[in-house]
Structure formats: structure tokens, C-alpha cells
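Student: Got a minute to go through this one with me?
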Amino acid sequence: MSDKIPVTVLTGYLGAGKTTLLNRILSEPHGKKYAVIVNEFGEIGIDNDLVVNADEEVFEMNNGCICCTVRGDLVRIIDGLMKRKGKFDAIIIETTGLADPAPVAQTFFVDEAVGAKTKLDAVVTVADAKWLKDRLKDAPEAKNQIAFADVILINKTDLVTAEELREIEARIRGINPYAKLHRTERAKIALDEVLGRNAFDLDRILDIEPEFLHRDDHDHGDGHHHPHPGGGLKHYHDEEMQSVALRTEKPLNPDKFFPWVQDLVAKDGPSILRCKGILSFKDDPARFVFQGVHMILDGDHQRAWVEGEKRDSRIVFIGRNLPEEKIRQGFESCVA
Amino acid sequence: MTDSRADTASLTDRIRAIKAGAPVFGVHFLGDVAVFVLGEEVLLFADAGGERRVGVHAGAILAAAAADWRIVTGGDDGRLVATDAQGNQQTVATDEKRRWIDHVALGPDGAVAWSAGKTAFVRTGKGEVRFLDAPSTPAGLAFAPKGLRLAIAHYNGVTLWFPNYVDAAPEKFAWKGSHLGVMFSPDGRFLVTSMQEPMLHGWRLADGKDMRMSGYAARVRSLDWSAGGGFLATSGSDQVILWPFQGKDGPMGKQPRLLAPAQARVGVVACHPRQPVVAAGYADGMVLLLRIDDGAEILARRPGASPVTALGWDAAGARLAFGTEDGEAGEAGVLQL
Ligand SMILES: [Zn+2]
């Protein structure tokens, strides 16, 4: 298991600072070697021994569904890189600003050879503090990258006011309340915040609570404290992209749950970007965890419920125009 | 969980073991010399006189094809190198952008094809180099058995290119999905691709009629034609699946022949060059020889520590070489029949 090569995906709109982050990762004295897959139209040079240029080729599977895709270039490149296994410790994929992260992630679930040798670690999105708000309006890719992310760097925070920063954080939270948010300047961040996250590891789907803004909302010297309830958080609902979080303390019936969730992703998969869940089934001593990208689901028994642990079932969907009421009712009908 | 095949006739004592020292990705014979393609840099030559290693690339060897007197390899160093049985090398081409050479195929009259990025190249026997940009990155190349025709597998189908006819538009064979490997039948009547999904697709060249071959557990990574071309042997399942191609409709409407079910998956197949026999390498390291007519089995190698990744016959079918992925320092061997 652990000898699978971890893969980190860096996304972000053009100019947000992806390449700055990449070069920062490569230049820090961590003693690790990375294989880096960059797109052909990279912004600036990458200083690394093993750099592969990719032409982002998104291939639909032949089941006729538009959301079931793989990145053909990654299937090929990772196959080739595996011949040099031992020469690097991890793989970093830098996508173009217009890339959809979903086909990248799906490649690791769909392609058996890729999945056998490598594992997706996390999708890290770099957002431009000043321009993200505009991009969310005019670029669907930018919204996808936020919605899909496990870790988001709000970069170039030095170019905006504290108020603008709170605004953009609230916008991001309105789309994806589950990602880890970091404020950065020149993509400066501790590398363990972006690497080795295990965000796609079923064993690590422990906490799917929303990641609310830190209360230590830095005082940027304006002298004011904003005594709003809820810590001065603005709350936005994105009109298009949102998350649906469900929870029940009643045990679920697996014979109802699996047909329901499979039917849901079969029908609404194109609009569901990601989902995650921790489930408590009736008469089952073990927690069941699952995750999904569009129509692809991956799940397993994780470990026994611990004595005293609250046995509830939680499930989260992030996607576009999700039929929240339908999902809620469907989930409730899965109670044993 | 391994297969002991305890009651099966065995030739395992005729193996000459070879310590490859690295994962083996392919094996070919140049006359009496078995040439093992290792993952990185090196070809390992083994013959009666011993073994020697020949460095051919400054990095991974991504593709290899052998015919007659030479093996041609493509590397992630952007070079295409021909090596003969004595280990003499010649650089056939160097990609000007130093892109990976992803695929290599050898054709009639000394023609060589390769691909880098979205472009397929052919160097004719006369030394002229031609190129064609494919609609997406080529995922497989194959020369037709006759004439200078190159099949290029890519997303949504195959392009059939005639490098000698500059004005002739390439022929297109369309089928939705990602095609990852391509082969002509030995009689040149059919074109078969392996797909990203666990299935094969095929076309009858005369009329473009489609053929679908499915039922696999995994992507089909190894295909080979039986001697005479009557069957297409395939990996991708926990038995060898052979599609009948004798009739004018190929395998359409016919059941495949299923041989040697095992507890591990078939990873690689190689047909005997003269007899109706196929060698199958399994994920548990086992190698079986199977008679296609009645499915009779001979154990060529017992299960080992790692999956069989390469099989190759010499021209006479007197020797079978095999290689494995990993474990035990990439063990390999040659079986003398
Ligand atoms: Zn789909």
C-alpha cells in the first residue's frame, strides 16, 4: 500500500501563483525528489531534473457519458515514469489554468495500472486574492478548481485589504466549505500543508466537518474588531456551485443505501464534483467510508466503531445545481 | 494464492535462470540471442556464451520492437536507437524537442515508425523520413503486413497512413473512446485495437465493419496472433482469451476460446511462431504453454514472486524467454524446449 507513489495536483487560474508554489516545493531543502508533469504552456521555467511536458488530453470513456473521463496523457506519462521508479519520491502535476481537476482525479480511479502504482494525494488550488472573485463570475474552470480542492491557497494576500480578503474567503466557503484554506504571499507555505495530505485516502476520511475560518482572523492594523456573531463571517451561497451535507444518527440499511447512492451518481454524476461519507450501517461493527468523483465511487470498511464514539452517518456532496431536497429525502429513506 | 498446477506436465527444469537485476518490460530474440528490455537504460543480452548489458538510453526505455537483425528502442531521452545482436548501436533518430519516444514499430524493407508528442514518423528503407500529425497523441503503431501502411491508434479511432503517397489522405477508422494499442491480422484483413476500457475493437479493412470484443476483467495489454493467424490470443482475464479470425467475419457472432483458467490474471501472451501453441504469463509469475486445439497445458515456469511482464519466442520456436516485473531482482529466464 504505502509504496504507491503519491501524486499532488496543482491547479489554479492563470497567474494565481501555481508555478511559484511549484518552484517553492522543488527548491526547499526537503531531500525529496519529484517527478513533475507540467503543461506545455507553462508560465515560467521549472528547475527540476525530471520534468515531463504534457498535452492535457481529456478522453471520454466509451460509455457515452460526458463526465466519465480520463486524462490520456497522464495514463501514458505515468506508465513511462514508472519505468524510472526509484528515481523519485513523488509526482506533482501542474495543470493549465483552464484545466478541470476531475479528469485528473478520475484517472487514478479508472486506470488500473495508474491506480496500482500511484495514489492521488490531494488537489491543491492556488487562488489569486485579487482576481478570484471576478474569475468565479466569468470562468467556470476557476469555480471547478475551488469546488474540487482539498487545499486552497489564497495567494497574493498582500495585494488586497483585510475586507477584500474576508470577502473572498466567504466566497470560497460558499462553494467549498471543506477544503483547508491558507492565506499566502508569493505562495509561501509550509510544505506539509500541501504535500502528504492523503486527502483521497479512505483511511483518512475521518473528518468531513466544514473547515470554518480560523477565529484568529488577523488584525491587519485597522484597529477595529468586528463584533458580529459567528466571528465576523460573511456567508455566501454560490448560485451555481454548492455543497449538500447530510447527517443522521439512525443506522442506515446498506441494501437501501448502496442502490440509492449508485442511482444518484448514475443520474446526477455529471453535476456532482466530489462526495465523501462516513456511514454507520445497522448491525455492522465497522465504519464504512466512501468517496467519489462524478460517477466513480470508491468505498470500504475502514475500522470498527470505537466504544463511546458517536455512531452517526455523515455524507457531503459538492457540485453544480445539486437537487438538495431530492438528495436529502433519498438519504433519509436509507435509514434501516 | 498461487497455482501449483501439480498434475500438469512440466518443463520447468529446462529453464536457464537469468538475474535481470531490474524490471523486464519486453524480450525479443535476435537470432540465438535473447534481448531483455529493462525499464531503464539497458538491454540485457543472453546467449550460450553468457550475459552482457548494453546501455542504450539515458533514461527509461519506453518502447521496443525487434525484427531480423536488430532491436529498435525509443527512450525518454528523445532518441531512437537500433542495436544488433553484437550490441552495436546506431541512432536512428533524435527528436529535435527531446520529447519522449513513446512507440516504435518495424515494417517491411527496413522501415521504422515511431511517435513523439502528437506526431508519427516513418523512416523508409531508403532513409527518407516522413511525418504525420495525429488527431491526438498516438497510443500505438503497427505496420501492415504488406506495402508501406502504418496504423496509428489514438483517441476515437485509428488513422491508416500511406507514407509513400504524399497526396493520399489517410484513411480513418472511427470508434469512440481511447485506443491504446493496434495490430493488423497477419493476412492484413483486420485491424484490432485494445482500448482504455477492458475490451478490444476491430475493423474489417475491406468495408470498415466494426467488431467488438469484450468480457475482460482488465485492460488488454498483450495481444498476439497464433501461427497462421487463425486466432488472436489476449491477456486481461484470468484465462487466455482467443478470438477466432478464420472466417470472413472474424470473431463476429462467435465465442472466443478460453484456455487455462487460473487464480491469477494473464498479463502477457506470446504465440509459438510455427505451432498452434500459445505461451501465457500470469500475474503470479506462472508461465504455461497451451495447445490451442484442445487446451492441453504444460507448465513452463512455476509461480514466483512477481508478475510475468514479458514473453518472447525465437524464430524457430525452440526457445521461450520470459521476464518479470520486480521482486527477486527482476528474475528472468530462457526455456529450452
Ligand atoms: Zn459519467
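Tutor: Sure, terms before anything else: helices (H or I, at least four residues) and strands (E, at least two) are DSSP runs, numbered from the N terminus, and two strands pair if DSSP finds at least two bridges between them. This is a predicted model, where local features need pLDDT of at least 70, side-chain atom pairs count only at pLDDT 80 or more, and totals for chains, interfaces and linings use all residues. Residues are numbered from 1 along each chain as its sequence is written, chains are lettered from A and ligands numbered from 1 in the order written, and side-chain values use heavy atoms, without hydrogens and water.

Student: In what order do the five strands of the open sheet in chain B come?
Tutor: The order is β1-β27-β26-β25-β24, with mixed pairing. β1 (9–10) and β24 (266–271) of chain B each have a single partner strand, so one side of each lacks a neighbour in the sheet.

Student: How many bridges join β26 to β27 in chain B?
Tutor: Four, and the two strands run antiparallel. B:Leu290, for one, has B:Glu297 in β27(B) as its bridge partner.

Student: New topic: how many residues of chain A are in contact with chain B?
Tutor: 22 residues of chain A, against 28 of chain B, contact being heavy atoms within 4.5 Å.

Student: How many salt bridges cross that interface?
Tutor: Ten, each a side-chain nitrogen of Lys or Arg within 4 Å of a carboxyl oxygen of Asp or Glu. One of them pairs A:Arg76 with B:Asp102, closest N and O atoms 2.9 Å apart.

Student: Which element gives the most to chain A's side?
Tutor: α2(A), with six residues.
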